[in-house]
Every structure is written in structure tokens, then in C-alpha cells.
Amino acid sequence: MGKYFGTDGFRGEANKALTAQKAFQVGRYIGWYYGQQHDDKRAKIVIGKDTRRSSYMLEAALTAGITSSGSDAYLLHVTTTPSVSYCCRTDGFDCGIMISASHNPFYDNGIKIMRANGQKIEPEIEEKIEAYIDGEVGEIPLAEREAIGNVVDYAAGRNRYIGFLMTIPTRAFNGMKVGLDCANGASWNIARSVFEALGAKVYIINNAPDGLNINTNCGSTHMDTLKKFVLDNGLNVGFAYDGDADRCLAVDELGNEIDGDQILYICGKYLKEIGKLDGNTIVTTIMSNMGLYKACEAIGIRTEKTNVGDKYVAENMMANGFVIGGEQSGHIIFSKYATTGDGILTSLMILMTMLEKKLPLSMLAGEMKKYPQCLKNVVVKDKAEAQNNPVVLKAVEDVNKALNGNGRMLLRASGTEPKIRVMVEAQTDEICEENVDKLIAIIKEQGLAAE
């Protein structure tokens, strides 16, 4: 990870870590960098944003930077991250930018940059942007006169993405009662249109963004509201998105939460049954539940593990031709249709699987038995120091030896925040929590915690 860019772009509190000036500099460099790839025309860069108040400020700054470097900025306005990725892939853009801090609170924001194929940009380009922001490279030229870039309203791109989603299911959703929690975020004006066009009866909550309520007690990081909503309205299924709708979690008809690992199992098994699980493999991250691996092994599906981050999952999938992969958090990639996680696409695939197999979601998910898991975060002074502390490493080793294959402890750094995540899986909740708390105590005793 670099100074500004983590596993999911440049993220931080708006006007503190991520200022309008830095956004302008990102736009300046990106506009100049991609402009150098063309001799006879301007570079084209597409921009989307979520519903945070600061997203409008950052959009203006990025646009000013891009056009002042001589490239054209195409504005999708409020839209989802996967829609920006889609436009990159289909409309000949040199790159795409999404302004969003995903599931973070409203006062944070972020800049995610995608290459022409819709995947996250290469680390080498992120390093060059960081060097420019820090003044480590010479100033780049400003465009003049007719060379100054254009700003183009590109809402039509978002509408084409909606149309694309509607073509994916192989059957109508008539008779299905579907709940949607839009997290007061980017999916609020897209998800309902897709499901209603496919015939579902849609029940929707948290679809009134005001710039300050994105992810506030709603969406994929706060599932209790959707659970109650599904039960109160007798729905067949509920889907919860995060702020930029690149992830999706579900709620079954009994009010149970269905996480990303269960979604991978449900959809991966169905793809295997219909002969479309290329490579007979599901790509996971190191954070996936042991129950997923045991369930896949029982039905003859291979699994591969990557580092945490949907970009690592995507890289593995594209390199090996695999068709499904993702994270426990609900970033699920279906590579036949997308090169990044797409929450609305994921919900369509879940509902299509339910209809094709004529089974409720509770029965589909019930085939995978999750191991109890406890995950807690510790704010630390230095992530690398905390991860490599010999006393901490010895404690992790001791726990894994004691669990003896019936569980595991995992320690990893957050890619976007100054936190260490401590996770334990074991046969009981008590064992999980006891071991997590012990390690957190050791981290604090070593003087590594920031609190």
C-alpha cells in the first residue's frame, strides 16, 4: 500500500486526509497521464459519485484537474461503482473514477480509479500519482486554448448500465416479493428500476439520501433493519447494498443474514450444477469462513485464496479464467458480466438461483455450516509495527497450534484505516472471543495501540 492509495483507492476524511486540492492533483495527473497515450485525440475519463455531500466538491475538483490537463471528463453523476466499471469496459474510456468511501460514514470519502477494462488501476500508476501530489516530480503542463478538455454530461451511460442488468436474468421475477436496503447511497435510483422491470414486487428502505445519511444504521454494514423489514412484510428475500453498491448481503425469508461466503457457495454450487463453473473453482480471500471451504470440498469444488481486497480476487479470476469469486463482506465478482464487485448484479444472481432451483434462500444457505467467527479491530500507531511485533506473532502462532486444525487466528492490517483486524474461527463463540480478546490485550500491553 502507498502513502495515499490503499486496497480500495485514496480514502480518508473529506477536507482532512482527502482535500479538494488533492483531488485536483489526482485529476491533473490522470488527465495528463492518459492524454500522453493519444497523439490525435483527447483522453476520455468517466466519473461517478455516491451521495455524500463532499462527493460534489470532489467531483468538481477532479473535473477541473482533468480538463486543465487537456482530457475530457464524462459525468455519470450519482451512480454505483460497478456502473463506472461497466462504462470503462464498453464505451472506450481510458479510465474511470468513482468518488466514494464505500461503507464508511458520510464524512469520509474516496477516489477509486479504474483502468479501461474496469479493474482497479495498476499500483505503478498509483505510485506516480502519489509522487506528483508530494511534489517529487516536475510540474506537468496546463492545456491552453482549444486543448482545454471538455465536460460532458453522460447520464446516458448510467441508463445503459441499468439496461444491461435487466438483460442478465434468464427468467422474470413475477410473484417475488423483494426487499431492498439502498443504504441512502448510490443504488437508490438504480436498484428499484431493475427489479421492477423484471417483474418483482419491490419493497424499499433507506432510499432518501440527504448527503449525510449514507450508511447510517442501514445498508450492508447494519443488517438488523432489513431483517425486521423482511419479516414484517413477509418478503421472499431482502438485499442490502453499501454506499457505492459494489457489495451485497442478503436476508432470507426467515430473517437470517446471508453473508458473502454463503452467497459464493450458493451461486458457485448452482453454476457447477449447470456446467458453468469454469475451472471448477471459487476464488476467496484469506478471511473467508472455514465452513465455506468444507462445504465446497464436500461437493467437489476447488477454492483458491487471495489477500483481502476485491482487486486481488479479480486479478486471480482474470488470470485463471475463473467465473466467480469474492469476499465475506459481499464483494462478489461474476466475471462473465463484470470485472469488479457488483451488489445489484449479485442480488439478481441470488434471486435467479432461487427461482431456477425452486428453493427458498434459507434452504440454499443452510447447506453450508459456518464456523463461529469473531472479528475485532484495534486502532494502532503503526500497522506494520503491530503486524510484525515478535510477541504478537508468537501469540498468534500459539493460538493456531492450540486450535489444531479446528479453527484459526488471523491478523491483518486494514487497507483503508489505521487498524489491525484480529479474527478467530473456532468451534464455539466463547473460544473465538476469548482468543481475540487475549491478543488485543497483548497488542495494548506492547504499546502498539493508539488508544
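**Helices H1 and H4, and strand S5**

Me: How do H1 and H4 lie to each other?
Reply: They're oblique to each other, a label for angles outside under 35 degrees (roughly parallel), over 145 (roughly antiparallel) and 65 to 115 (roughly perpendicular). This is a predicted model, where local features need pLDDT of at least 70, side-chain atom pairs count only at 80 or more, and totals for chains, interfaces and linings use all residues. Residues are numbered from 1 along each chain as its sequence is written, and side-chain values use heavy atoms, leaving out hydrogens and water.

Me: OK, what's the angle between H1 and H4?
Reply: About 125 degrees, with the axes of H1 (residues 20-35) and H4 (residues 123-133) 9 Å apart. Axes are lines fitted to C-alpha atoms over the stretch in contact, and angles run from 0 to 180 degrees between N-to-C directions. Helices are DSSP runs of H or I, at least four residues, and strands are E runs of at least two, numbered from the N terminus.

Me: Which residues in H1 meet H4?
Reply: Among them are Lys22, Val26, Tyr29 and Tyr33, and H4 brings residues including Ile125, Ile129 and Tyr132. Contact means heavy atoms within 4.5 Å.

Me: Switching topic: is S5 buried or exposed?
Reply: Strand S5 (residues 95-99) has five of its five residues buried, meaning under 20% relative accessible area (exposed is over 50%, partly exposed in between; 1.4 Å probe, protein chains only). Cys95, Ile97 and Ile99 cover one side, with Gly96 and Met98 on the other.

Me: And which residue stands opposite Lys112 in S6?
Reply: Met98. In S5, Met98 is also the bridge partner of Gly48. S5 runs parallel to S3 (residues 44-49), joined by five bridges, while S5 and S6 (residues 108-115) pair antiparallel over five bridges; pairing takes at least two DSSP bridges.
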